[in-house]
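Visitor: I would like a close look at one part of this protein, the disulfides. Please take me through them slowly.

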Amino acid sequence: MAAALCAAAVLLLGGCGTQVAGDTNDANDPSSTVSLPWTLAQPSAVTAAQLADDRRMLTLTARVPKGKRPCVRAFKAALTDSTQKYMWVQITFSSPSGDRHSGCTGEGTASTRLRLPEPLGNRELIVDSSTQFTADGAKLPALRLCGELGCHPPATGCTVRSYEQAMIAADAPAHSYRDAEHCDGKWLVIDFSWRTGPVCGDTSATPSGCSSRLGDRWFFRAKPAGWKVITASSTGGCKAVRRVEPAFPSALCAALAPLSASLHPSYPPVSASPTATASQLP
């Protein structure tokens, strides 16, 4: 009798496998313990960097997946290259977040430390190829997070590099090009255009598509951080910008001609088909 009961217990336990209390083993349940692949990943953003007093111990903070169960393993930073001007660091971790069944659908922050082989000094720190930090002008121990134009953006003014900053502020489409600039150092107008239509690799294929384009006119005011957008308009003169910023100087806008209508094609709604008359009915 005792032997039979023991055998039955073994069979019951064997049928349970590795299931634990509260585990439904359902792939549609985010809290399930179904085995999911842990893959190598990088943070969605690097938000902060700190440098210790020795200028070598670096602490990096980044945004990583988060959920009810563990979502991050082996979170670490490694130095990948170094020159007299830059240090490159890469952050990696493993996560099952590629599969939504993991439940790692939120985001949180995590920090990791790295000891540099030598002091950072005046070099810029580049993390994951896109995020830049510098000690120049920073309130240590925190390093200064640099913007889209780098750690030392151009001074706001009537220069090519400053116009490039204005184009970024206007969120101009990729591959846009400037048609005209009107600038006095404090106020700025930029006309720019961008190609539309099919891809134009072969000029003999569809040249009409390659030549079509759209354009716009943007008005800016100089701020300590760079050119700031006031408004955009394709009309001529000062009316559009003065409606938003009455102080905009007429010397920069009075002579502006309206942008060509060809740069702003209109697509009126298709008119409804006329109703058939009685004489047209069968």
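Visitor: Does Cys71 count as buried or exposed, and at what relative accessibility?

Guide: Cys71 counts as buried, because its relative accessibility is 5%, and the cut-off for buried is under 20%. Keep in mind that this is a predicted model.

Cys71 is bonded to Cys104, with an S to S distance of 2.1 Å. Cys71 sits in the loop between strand 3 and strand 4, while Cys104 sits in the loop between strand 5 and strand 6. The two cysteines are 33 residues apart, and their pair links distant parts of the chain. The torsion about this S-S bond is about -95 degrees, so the disulfide is left-handed. Cys104 has a relative accessible area of 7% and is therefore buried.

The structure holds 4 disulfides, and two others can be described here.

One of them joins Cys146 to Cys151, with the sulfur atoms 1.9 Å apart. The link of Cys146 and Cys151 is right-handed, with 90 degrees about the S-S bond. Cys146 is buried, because its relative accessible area is 11%. Cys151 is buried as well, because its relative accessibility is 3%.

Another disulfide connects Cys158 with Cys183, S to S 2.0 Å. Its torsion is about -80 degrees, so the bond between Cys158 and Cys183 is left-handed. Cys158 belongs to the loop between strand 9 and helix 2, and Cys183 belongs to strand 10, so the disulfide ties together parts that are 25 residues apart in sequence. Cys158 has a relative accessible area of 38%, so this cysteine is partly exposed.

Helix 2 itself covers residues 160–169, and its buried residues are Ser162, Tyr163, Gln165, Ala166 and Met167. After helix 2 comes Asp171, which has a positive phi, near 55 degrees.

Now the setting. The protein has 5 helices and 13 strands, and buried residues make up 32% of its 282 residues. Of the contacts with a separation of 6 or more, 55% are between residues 24 or more positions apart.

Last, the confidence of the prediction. The average pLDDT is 81, and 74% of the residues score at least 70. Among the elements, strand 3 has the highest mean pLDDT, 97, and helix 1 the lowest, 41. The pLDDT is below 50 over residues 1–33, a stretch with 19 contacts beyond near neighbours in sequence. Residues 273–282 also have a pLDDT below 50, with 1 such contact. Where pLDDT is low, the predicted coordinates should not be read in detail.

Note on methods:
Residues numbered from 1 in each chain as written. Predicted model: local features only at pLDDT ≥ 70, side-chain atom pairs only at ≥ 80, totals over all residues. Heavy atoms only, no water. pLDDT = per-residue confidence, 0-100. Helix = DSSP H or I, 4+ residues; strand = E, 2+ residues; numbered from the N terminus. Contact = heavy atoms within 4.5 Å. Buried < 20%, exposed > 50% of the residue type's maximum accessible area, 1.4 Å probe, protein only. Disulfide = S-S within 2.5 Å.
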